[in-house]
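Subject: Structure for you to look at, with notes

Dear colleague,

I am passing on the structure we spoke about, together with some notes on what was found in it. Please have it open beside you as you read.

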There are 2 protein chains.
Amino acid sequence: MESPIQQRVTEIRKFNRFYTNIIGLVNQNVLESPYSLAEARVLLEIDAAAACTASNLAEILQIDPGYLSRILRRFKKDGLIETTKSMTDGRSQILSITEKGRATFRQLSDASASQLIQLLEQLPQGAQQTLVQNMAAIQNMLSGQADTSITIRRHRPGDVGYIAYRHGVLYEKEYELDHRFEKYVLQSLIAYLEDPSRGEIWVAECCGAIVGFIGIVGISEKTAQLRWFLIEPDFRGVGLGRKLVSTVMEYCQQKYYNHVFLWTFKGLDAARHLYQSFGFTLTEEKENDTWNNQLIEQRWDVMLGVD
Amino acid sequence: MESPIQQRVTEIRKFNRFYTNIIGLVNQNVLESPYSLAEARVLLEIDAAAACTASNLAEILQIDPGYLSRILRRFKKDGLIETTKSMTDGRSQILSITEKGRATFRQLSDASASQLIQLLEQLPQGAQQTLVQNMAAIQNMLSGQADTSITIRRHRPGDVGYIAYRHGVLYEKEYELDHRFEKYVLQSLIAYLEDPSRGEIWVAECCGAIVGFIGIVGISEKTAQLRWFLIEPDFRGVGLGRKLVSTVMEYCQQKYYNHVFLWTFKGLDAARHLYQSFGFTLTEEKENDTWNNQLIEQRWDVMLGVD
DNA sequence: TAATATTAATTGACTAAGTCAACTATTTTA
DNA sequence: TAAAATAGTTGACTTAGTCAATTAATATTA
């Protein structure tokens with residue numbers, strides 16, 4: 001019995017071992033060249049930076065200054081780099097790559113590129129793109145620069161289809177509901193699109209992916225129905241449900257709806273607590289075997305602005 | 001002007017540089033321990049394998065046998081492992097980890113796990129899951145074990161929503177069509193779900209992701225309409241369109257439809273060629289500014305079984 | 001079955017990679 | 001202006017890793 005986080009650590013380690021090999025493969029050409037990996041990194045860095053000093057490099061590459069000094073001496077002897085005394089600081093010297101150095105670098109670079117191209121060419125175009133996107137996503141997340149907060153926005157073209165899609169997939173997986181349920185959801189969404197003025201749909205996003213949604217539709221002048229409330233399994237239990245329901249409730253108050261109801265299934269305890277905390281009470285239960293399973297539907301109602 | 005594949009190589013390199021640092025970070029605790037990375041890998045491997053010999057290890061870890069021999073000697077001296085002569089081969093000796101060795105290993109392991117946990121804990125639960133999934137996907141693709149072929153299957157719950165979703169997103173991006181188009185697509189899909197017996201929808205998948213789809217619906221006894229034909233941008237130009245249209249055409253022949261038509265937009269040259277190659281001819285053009293843009297709709301028709 | 005080839009593991013001799021502390025020449029700071 | 005800090009270099013060293021030779025056991029084959 002491993003905790004989810006331990007499982008993830010195990011997975012990441014597996015990936016690390018695997019990817020260490022991939023990096024090794026790509027670096028192989030460097031190992032075959034007369035330069036060490038550290039040397040290649042130094043050359044790469046000098047090439048990338050327009051002008052840098054030895055101490056810059058030592059800091060960037062986390063390398064011993066003495067060691068670096070010897071590497072640079074060799075590069076200079078081989079004619080790969082040139083050094084010029086800094087105008088502003090007599091102790092420093094500016095490093096720059098020569099034509100020969102650039103050629104050498106390009107050779108190393110091309111060799112490793114061809115390794116990568118070989119790897120890529122095993123994959124169809126689209127999968128290549130997916131691969132690169134996955135890498136970018138990982139980098140984004142691990143670099144800590146990514147905005148990993150969950151944002152809620154109003155719906156955009158495509159979202160309505162997406163909502164139907166996730167309802168179809170998740171309710172099939174979790175409750176074995178079939179095409180009939182999917183159709184029912186689609187119909188309700190179309191009804192909303194027919195007259196969107198009396199309702200709204202919100203989508204919760206995290207890192208560019210949709211992780212939950214909720215909607216409201218006016219049924220009469222004072223009554224609205226809460227619909228399409230769903231949170232992706234990985235994002236349950238982090239307070240997103242409360243945020244979404246709050247969004248809906250605020251909207252209802254703005255629009256002067258004083259009565260909100262919703263239909264749900266019996267047995268969803270987390271949802272029940274959430275509804276109760278917003279003042280909903282159970283008002284009706286009925287069996288429904290339209291959708292393949294003996295689920296019991298529940299209706300919950302709340303009156304607003306009565307406190 | 002870089003080719004797409006070069007762009008991807010650049011991206012992968014960027015990721016490699018980045019991930020080298022991540023791996024370095026995770027391995028840091030090993031570097032702080034009295035063991036080298038190679039030694040840690042050896043200990044890890046001995047721990048993982050129930051019983052192994054030195055030559056096993058040398059092969060698995062791609063390590064010099066002489067070097068390995070010395071590492072093992074040190075481990076033995078430190079009481080981390082034990083060796084017993086093999087029953088079946090007097091030259092070999094079976095390596096096994098001692099309690100002390102296991103404790104040492106666990107210490108190294110826990111330290112690197114805590115590094116990873118720190119990394120993970122910056123992210124919300126769901127993003128953690130996404131991270132791990134991305135890693136698994138990369139591993140799957142690069143290990144060459146993944147099935148990267150494109151498969152076509154009939155639709156399942158959720159797919160219909162997904163089709164609406166992708167239509168909404170892609171037609172908005174590519175033609176600036178708005179909610180009205182999304183609604184139109186949804187309505188057509190519902191009409192199909194109302195009576196699925198006279199048509200079918202197929203979905204093309206690659207690596208678990210939907211990369212294209214197509215559908216057909218019976219309009220009269222002998223006439224069917226081809227609909228919802230869309231291929232993800234990354235998967236265009238690889239012959240998938242032809243495969244999907246073929247699937248539809250075969251279905252029509254089976255169902256004795258002898259007349260197929262479709263509506264498309266003017267200017268999609270790749271699609272035009274495809275339709276022509278299946279015998280479709282342009283039969284009608286009309287302007288349509290229902291959906292925000294001055295697109296010209298085209299109708300294409302083909303008679304089957306007349307050759 | 002004896003001769004030969006192969007394999008597992010070890011050892012000696014070596015090179016490459018990397019670290020550490022001491023040093024010189026500057027520059028910055030108190 | 002003296003003391004502290006910084007850039008870069010050098011010598012002496014340790015660690016990591018390679019390569020070829022060696023020993024002992026096993027497998028192969030004439």
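How many nonpolar, polar and charged residues does the surface near DNA strand C have? The surface has 4 nonpolar, 8 polar and 7 charged residues, and I should say at once that this is a predicted model, with every value below computed from it.

DNA strand C

Of the 19 residues around DNA strand C, those that come nearest are Y67(A) and G90(A) from one chain and S55(B), R70(B) and R91(B) from the other. Of the atoms of this strand within 4 Å of the protein, 65% belong to sugar or phosphate, and the rest belong to bases. The bases are reached by arginine side chains from both protein chains: a polar side-chain atom of R70(B) lies 2.7 Å from a base oxygen of DNA strand C, while an N or O atom in the side chain of R70(A) is 3.1 Å from a base oxygen of DNA strand C. On the backbone side, a polar backbone atom of Q93(B) is 3.0 Å from a phosphate oxygen of DNA strand C. The elements that give two or more residues to this surface are α4 (65–77) of chain A, together with α3 (54–61) and α4 (65–77) of chain B, and the largest share, 5 residues, comes from α4(B).

DNA strand D

Around DNA strand D there are again 19 residues, the closest being S55(A), R70(A), R91(A), Y67(B) and G90(B), and sugar and phosphate account for 66% of the atoms of this strand that come within 4 Å of the protein. Three contacts with phosphate oxygens of DNA strand D may be worth inspecting: a backbone N or O atom of A54(A) lies at 3.3 Å, an N or O atom in the side chain of R73(A) at 3.0 Å, and a polar backbone atom of Q93(A) at 3.0 Å. Here α4(A) gives the largest share of the surface, 5 residues, and the residues of the surface divide into 4 nonpolar, 8 polar and 7 charged.

The sheet in chain B

Q93(B), which touches a phosphate of DNA strand C, stands in β3(B) opposite K85(B). The strands β2(B) and β3 (residues 93–97) of chain B run antiparallel and are joined by 5 bridges. They belong to an open sheet of 3 strands in the order β1-β3-β2, with antiparallel pairing; β1 (52–53) and β2 (81–85) of chain B each have a single partner strand, so one side of each is left without a neighbour in the sheet.

The interface between the protein chains

In the model, 74 residues of chain B are in contact with 74 residues of chain A, and the area buried between the two chains is about 7,200 Å², of which carbon and sulfur atoms give 71%. R8(B), L142(B) and P157(B) supply 10% of the area that chain B buries against chain A, more than any other three residues. Polar contacts are also present, with a count of 18 residue pairs at pLDDT 80 or more for both residues. The rule finds 2 salt bridges across this interface, one of which may be followed by eye, since I give its partners here: the side chains of K183(A) and E194(B) meet at 3.7 Å, N to O. The elements of chain B that give two or more residues to the side touching chain A are α1 (4–32), α5 (99–121), α6 (125–142), α7 (159–175) and α8 (179–194), and by class that side has 37 nonpolar, 22 polar and 15 charged residues.

With best wishes

Terms used
Residues are numbered from 1 along each chain as its sequence is written. Chains are lettered from A and ligands numbered from 1 in the order in which they are written. This is a predicted model: local features need pLDDT of at least 70, side-chain atom pairs count only at pLDDT 80 or more; totals for chains, interfaces and linings use all residues. Side-chain values use heavy atoms; hydrogens and water are left out. A residue is near a molecule or strand if one of its heavy atoms lies within 4 Å of it. A polar contact is a pair of N or O atoms within 3.5 Å; within protein, one must be able to donate a hydrogen and the other to accept it, and residues adjacent in sequence count only if both atoms are side-chain atoms. Helices (H or I, at least four residues) and strands (E, at least two) are DSSP runs, numbered from the N terminus. Ala, Val, Leu, Ile, Met, Phe, Trp, Tyr, Cys and Pro count as nonpolar, Asp, Glu, Lys and Arg as charged, and the others, Gly among them, as polar. Contact means heavy atoms within 4.5 Å. Buried area is the accessible area (1.4 Å probe) that two parts lose on being put together, summed over both. A salt bridge is a side-chain nitrogen of Lys or Arg within 4 Å of a carboxyl oxygen of Asp or Glu. Two strands pair if DSSP finds at least two bridges between them.
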